[in-house]
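Ready to work through a structure by hand? Open the sequence and the coordinates side by side, and try each exercise before reading its solution.

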Amino acid sequence: MTMEIEESPRLLLLRIFFILDAVLLLLIGGSLVLFPGRVEQVFHFQNLPLGVDYLIGLWGCVMATLGLGYALAAREPARNAAWVQIGIARGALECAFGAVCLGRGIVGWQQAGFGIVTAGLVALVYILLYPMKERRGG
């Protein structure tokens with residue numbers, strides 16, 4: 001007799017969020033690799049040296065591979081708490097770095113606002129969905 005283990009609502013939401021985050025990271029990462037100049041325009045950066053495209057492309061490689069990691073973690077979210085921790089750290093660091101750059105006048109709200117808010121929300125969602133050991137009575 002085989003017994004199916006039912007997934008908790010929290011783990012189901014974590015699985016869905018892993019997949020959503022993975023898809024977005026793969027799309028953004030791919031865009032940064034394939035279309036760095038267009039991404040610069042979308043974020044209102046103009047007249048950047050051509051060498052910046054290289055750095056943007058490297059950033060895209062990191063985001064895309066991170067997305068692949070999240071996609072793999074979505075298969076068994078309860079066993080991949082380390083990926084949740086990475087998501088929390090990534091979101092918190094991106095949010096803090098963006099806020100510091102905004103505060104120092106390096107970028108404006110139009111350039112950094114979306115990223116700051118999104119990164120903060122990503123960290124918060126991963127914190128809320130962190131897989132907990134379920135307690136069993138008795």
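**Exercise 1. Sort the lining of the largest pocket by residue class, then trace which helices supply it.**

Start with the classes: this is a predicted model, and its largest pocket is lined by 28 nonpolar, 5 polar and 5 charged residues. Next, get a feel for the space itself, which has a volume of about 1300 Å³. Of the 38 lining residues, Phe43, Trp59, Glu94, Gln111 and Gly115 sit closest to the pocket's centre.

Now go helix by helix. At least two lining residues come from each of α1 (9–34), α2 (36–42), α3 (51–73), α4 (81–103) and α5 (109–128). The largest share belongs to α5, with 10 residues.

As for the approach, rolling a water-sized probe over the atoms reveals where empty space remains.

**Exercise 2. Find the residues of the largest nonpolar core that touch the most other members, and say where the core comes from.**

The core has 18 residues, and the ones touching the most other members are Leu14, Phe18, Tyr70 and Tyr126. Two or more residues are given by each of α1, α3 and α5. The largest share is that of α1, at 7 residues.

Then zoom in on Leu14. Skip its neighbours within four places in sequence, and you're left with contacts to Pro77, Val84, Tyr126, Leu129 and Pro131. Tyr126 thus turns up in this contact list as well as among the core residues with the most partners.

**Exercise 3. Check the length of α1 against its residue count, then list what it buries.**

Take the 26 residues of α1 at 1.5 Å a residue, and the helix should span 38 Å. The C-alpha atoms at its ends are 37 Å apart, so the two values agree.

For burial, the cut-off is under 20% relative accessible area. In α1 the buried set is Leu11, Leu14, Phe17, Phe18, Asp21, Ala22, Leu25, Gly29 and Leu32. The cover over these residues includes α2, α3, α4 and α5.

**Exercise 4. Which residue has a positive phi of about 60° although it is not a glycine, and where is its place? Do the same for the one with phi near 55°.**

First, the background: most residues other than glycine have a negative phi. His44 is the one at about 60°, and its place is in the loop between α2 and α3. Asn47 has phi near 55° and also belongs to the loop between α2 and α3.

Now bring in accessibility. His44 counts as partly exposed because its relative accessibility is 36%, between the 20% and 50% cut-offs. Asn47 is at 79%, so it counts as exposed.

**Exercise 5. Are Leu68 and Pro9 buried, partly exposed or exposed? Work out how far each is from a partner distant in sequence.**

Begin with Leu68, which lies in α3. Its relative accessibility is 48%, so Leu68 counts as partly exposed. Asp21 is 47 residues away along the chain, yet the two C-alpha atoms are separated by 9.8 Å. Recall that Asp21 is among the buried residues of α1.

Move on to Pro9, a residue of α1. With a relative accessible area of 64%, Pro9 is exposed. Its partner here is Tyr126, 117 residues apart along the chain, and their C-alpha atoms are separated by 14 Å.

How values were computed. Residues numbered from 1 in each chain as written. Predicted model: local features only at pLDDT ≥ 70, side-chain atom pairs only at ≥ 80, totals over all residues. Heavy atoms only, no water. 1 Å grid on protein atoms, 1.4 Å probe; cavity = no way out; pocket = protein on both sides within 12 Å on 5 of 7 lines; lining within 4 Å. Points joined across faces, edges and corners; volume = space filled by probe spheres on them. Helix = DSSP H or I, 4+ residues; strand = E, 2+ residues; numbered from the N terminus. Nonpolar A, V, L, I, M, F, W, Y, C, P; charged D, E, K, R; others polar. Core = buried A, V, L, I, M, F, W, Y, C linked by side-chain atoms within 4.5 Å. Buried < 20%, exposed > 50% of the residue type's maximum accessible area, 1.4 Å probe, protein only. Contact = heavy atoms within 4.5 Å. Expected span 1.5 Å × (residues − 1).
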